Amino acid sequence: MRWTEVRSRTPLLLYAGDIYREHEHWVGMSLKRDDATHVIHDCTWPLPLPDNSVDAFQSEDVFEHIPWQKIPAILTEIYRVLKPGSLFRWSMPDYNCDILKER
């Protein structure tokens, strides 16, 4: 998929990483997959989308692999492209959680 195709989607739902069956209506931003549901994109790069153009952005278990000093710029970029009142879901493991430390 190319970004020109991504921009034409309604609603525009972005998913950081590779998409699996439960996210079939989303566009996956993948480091390796380039197919009908994925666009090659590193989340540390700017998004080639206009301001206020994305209906939802979701990520699961992606941002813990990115150096912390890059996270503020990434969040600023996500905020820029999200429409007012849109959905932003950011999920990552909490390795400093007391329960996980005991394991």
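**Exercise 1. Find the loop that holds aspartate 61, then describe its backbone and exposure.**

Step 1: Aspartate 61 sits in the loop between β4 and α2; helices (H or I, at least four residues) and strands (E, at least two) are DSSP runs, numbered from the N terminus.

Before going on, a quick note on the model: it's predicted, so local features need pLDDT of at least 70 and side-chain atom pairs count only at pLDDT 80 or more, while totals for chains, interfaces and linings use all residues. Residues are numbered from 1 along each chain as its sequence is written, and side-chain values use heavy atoms, with hydrogens and water left out.

Step 2: Check phi. For aspartate 61 it's near 55°, a positive value in a residue other than glycine. Most residues other than glycine have a negative phi.

Step 3: Check exposure. Aspartate 61 has a relative accessible area of 44%, so it counts as partly exposed (buried is under 20%, exposed over 50%, partly exposed in between; 1.4 Å probe, protein chains only).

**Exercise 2. Do the same for asparagine 52.**

Step 1: Asparagine 52 belongs to the loop between β3 (38–40) and β4.

Step 2: Its phi is positive, about 55°, although asparagine 52 is not a glycine.

Step 3: With a relative accessible area of 46%, asparagine 52 is partly exposed.

**Exercise 3. Work out which elements build the largest nonpolar core.**

Step 1: Get the term straight. A nonpolar core is a set of buried Ala, Val, Leu, Ile, Met, Phe, Trp, Tyr and Cys residues joined through side-chain atoms within 4.5 Å.

Step 2: The largest one has 22 residues, and those with the most contacts inside it include Trp3, Leu14 and Phe57.

Step 3: Two or more residues each come from α1 (3–7), β1 (13–16), β2 (27–30), β4 (54–60) and α2 (71–81). The largest share, four residues, is from α2.

Step 4: Zoom in on phenylalanine 57. Leaving aside neighbours within four places in sequence, its contacts (heavy atoms within 4.5 Å) include Leu14, Met29, Phe63 and Ile78.

**Exercise 4. Which residues line the largest cavity?**

Step 1: Define it. On a 1 Å grid over the protein atoms alone, a cavity is a set of points where a 1.4 Å probe fits but cannot get out, and lining residues have an atom within 4 Å of a point.

Step 2: List the lining: Met29, His41, Cys43, Leu47, Phe57, Ile74, Glu77 and Ile78.

Step 3: Find the main contributor. The largest share of this lining, three residues, comes from α2.

Key
On a 1 Å grid over the protein atoms alone, a cavity is a set of points where a 1.4 Å probe fits but cannot get out, and a pocket is an open set with protein on both sides within 12 Å along at least five of seven lines; lining residues have an atom within 4 Å of a point.
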